[in-house]
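Here's a quick briefing for anyone meeting this structure for the first time. Have a look at it, then read on.

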Amino acid sequence: MTKITGLKRSAMALVLGSVLGACHTSAPVVNEADTKKIVYPATAAEPLVETIHGVPVPDPFRHLEVNDAETADWVKQQQVFGHQYLATIPGKAAVVARITELWNYEKVSAPFEYGRNQFVYRNDGLQAQSILYVTPKGGKSRVLLDPNSLSADGTVALSGVSVSNDGKTLAYGVSQSGSDWQSWYFMDVASGKLLSDKLDWIKFSNAQWDHDNQGVYYSRYDAPAGGDVLADVNFNQKVYYHRLGTDQSQDKLIYQRPQNKDWGFWSTVSEKGDYLLINVSQGTDSRNRFFYQSLQHDNAKVVELISQLEAEFQFIGNDGPLFYFKTDWQAPKGQVIAIDINKPAKRHWDVIIPESDDTLSAVSLINDHLVVSYLHDVVGQLSVYSMGGVKRQDVILPGKGSVGGPYGKRSNDYFYYSFSSYIQPTTIYRYDFRSGKSSVYAKPQTAFDPTNYVSEQVFYYSKDGTRVPMIISYRKGMQRNGKNPTLLYAYGGFSISLTPRFSPATIAWLDMGGVYAVPNLRGGAEYGEAWHQAGMLDKKQNVFDDYYAAAEYLIDQGYTNTTKLGAYGRSNGGLLMGAALTQRPELFAAVLPAVGVLDMLRFHKFTIGWAWASEYGSAEDPEQFKTLLAYSPYHNIEPRAYPATMVMTADHDDRVVPAHSFKFAARLQPAQQGNAPVIMRIESKAGHGAGKPTAMKIDEFADIYTFLWHNFGLSLPMKL
């Protein structure tokens with residue numbers, strides 16, 4: 001039960017002193033009483049108190065959740081304030097120039113093939129969005145779809161593509177300004193002609209072609225009823241079938257669960273077209289249900305093969321009624337099993353590849369083999385097994401890093417995969433089953449030499465004695481003198497593994513003399529489901545403690561010190577940054593919470609936020625409320641000295657709505673008792689991160705690096 005007291009904004013909005021208040025200005029003005037004190041834009045605070053499960057909870061900046069003219073004016077003031085602060089830091093041009101130089105190389109994806117056509121993404125270096133090319137068998141490559149032509153500023157992006165099995169028709173999704181909402185269109189591949197079909201109100205869905213190339217299965221929501229498409233909550237996803245040449249209003253409803261509004265559906269069609277396969281999710285829980293529908297008979301019923309939420313079941317492929325799954329059922333690090341749908345009882349389930357000491361991360365059925373990707377202490381490995389589970393070969397990789405893929409079909413005698421690390425750019429390889437060897441398909445030509453850099457893995461111990469891995473990257477010659485500017489990036493949640501992925505911006509940071517460190521905190525999937533569960537719900541504090549221990553390790557081992565240590569995280573990692581600010585501010589010189597979940601008591605009230613309750617818990621539950629309130633960053637701000645802080649968000653973020661960042665910054669600015677700045681960096685026409693154009697990415701990294709460098713007390717050179 002909740003009870004709200006206080007005055008509504010429309011009746012009376014107060015500008016309070018102390019924690020709730022702010023001074024009146026719209027630019028970084030120096031206060032005459034203190035030559036170092038920053039005067040922030042005014043923020044109206046309300047004496048609103050909500051009683052939740054008997055506990056009074058102040059929420060003075062709830063009005064910033066409302067997308068109205070007053071909030072828009074406040075956002076504009078904060079944008080100007082943040083921009084003016086960043087503009088005073090000399091040397092950004094040199095950082096932009098170096099990142100741009102490093103970014104400017106051709107990037108090529110792994111190819112994918114349908115019918116007689118091969119498709120691949122290419123970016124010549126600095127194009128806002130990558131371009132989709134098609135190469136007919138025996139023909140020349142040509143542009144099929146250039147998303148850069150869809151908008152002048154590159155903020156319209158491809159959110160997904162799906163090619164019909166005969167390779168003749170392309171379905172593609174488009175998102176505007178980084179929103180999760182997608183519209184799907186259809187194109188004739190041979191002519192490049194846009195067809196009349198259009199599908200709207202799609203989110204968290206693909207478009208899966210039927211075997212006859214006549215239409216697609218997809219999932220959608222009803223149009224938001226509240227009128228705010230970027231904030232209204234989304235429930236009741238449904239599965240539809242769309243036949244080409246018809247209006248979306250005529251699409252056939254395949255499956256829905258109105259009695260289970262929090263269920264989501266991801267549909268695929270088996271490679272031979274005999275089954276529709278429905279992965280049933282519940283929020284962001286890593287466990288799932290699994291249903292199927294026979295496509296061999298008209299109007300066949302949807303069958304609930306896995307009806308209980310007890311483990312993860314990822315469909316790999318099938319031999320008629322024998323379905324293969326990657327699962328953590330009775331195997332926290334993963335195994336491959338086979339289920340005969342005619343004998344679905346668990347006692348008939350067969351283990352094909354048993355659990356090992358390494359974490360099973362991906363499985364593909366290619367050339368009648370199971371190609372398996374493992375994580376060994378975060379580092380990728382790739383192995384080939386027979387359909388009966390006998391290991392045939394370990395694929396020799398070019399080093400220690402991340403493996404993407406494998407990408408291929410059961411009918412192929414080859415597959416593609418990608419390899420990268422923090423200091424090695426992504427290279428695409430082609431593995432040939434006949435030779436058992438890999439060859440380079442696409443290797444980038446970059447403006448740096450990877451041999452000039454080091455990326456080493458270390459292990460440290462967290463507060464409770466848990467051994468945690470961390471990869472530390474730096475330029476050769478770095479001295480452990482305790483003075484190196486260091487950026488500590490982390491995530492720790494939702495069963496997501498942070499494997500060593502390349503970004504040209506990382507090399508720029510190393511060229512500046514920086515150290516880049518990424519710990520693999522609990523909450524991820526680096527060591528399987530047990531590692532994930534050790535960092536969720538009432539164990540979330542373990543994630544924060546793992547992060548603080550990483551910071552302490554870097555200091556104790558002489559990499560850096562508290563005046564040269566920066567903290568950065570996005571989304572769930574933004575929550576981690578909020579915790580770092582409110583729990584251990586003395587550890588860091590600067591903290592950057594980006595698109596973060598910062599109000600842990602109200603995240604479930606916006607867009608898809610309710611889906612995170614399986615990871616965080618919900619304030620609706622009395623016991624989980626206590627846990628959430630104890631660490632919720634917004635609710636644990638108090639007057640004290642905080643490190644330099646740049647709160648980052650975007651106006652079109654409909655995953656983690658920007659109100660989280662708005663409220664957090666509004667409360668943190670007047671609470672700052674030290675002299676370090678608390679600014680906001682609010683992007684326009686951008687979302688949670690997906691589809692962001694290249695120039696916007698480069699500018700964001702440059703602002704991050706210059707903000708950190710300046711608040712480490714360092715000067716940037718005019719050229720890097």
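Which side chain meets that of glutamate 65 in a salt bridge? Lysine 663 does, at 2.8 Å from N to O; a salt bridge here is a side-chain nitrogen of Lys or Arg within 4 Å of a carboxyl oxygen of Asp or Glu. This is a predicted model, so to speak of local features takes pLDDT of at least 70 and side-chain atom pairs need 80 or more, while totals for chains, interfaces and linings use all residues. Residues are numbered from 1 along each chain as its sequence is written, and side-chain values use heavy atoms, with hydrogens and water left out.

**Salt bridges**
- The search of the whole structure turns up 38 salt bridges.
- Glutamate 65 and lysine 663 sit 598 residues apart, with lysine 663 in helix α9 (residues 659–671); helices are DSSP runs of H or I, at least four residues, numbered from the N terminus.
- Glutamate 65 counts as buried at 16% relative accessibility, and lysine 663 is buried too, at 2% (buried is under 20% relative accessible area, exposed over 50%, partly exposed in between, with a 1.4 Å probe and protein chains only).
- Arginine 584 and glutamate 586 also pair up, at 2.4 Å from N to O; arginine 584 is partly exposed at 23%, and glutamate 586 is partly exposed at 46%.
- A network of salt bridges links Lys92, Arg570, Arg681, Glu683, Lys692, Asp699, Glu700 and Asp703.

**Helix α5**
- Of the 17 residues of α5, 13 are buried, so the helix is largely enclosed by the rest of the structure.
- Glycine 558 follows α5 and has a positive phi, near 85°.

Terms used:
Helices (H or I, at least four residues) and strands (E, at least two) are DSSP runs, numbered from the N terminus.
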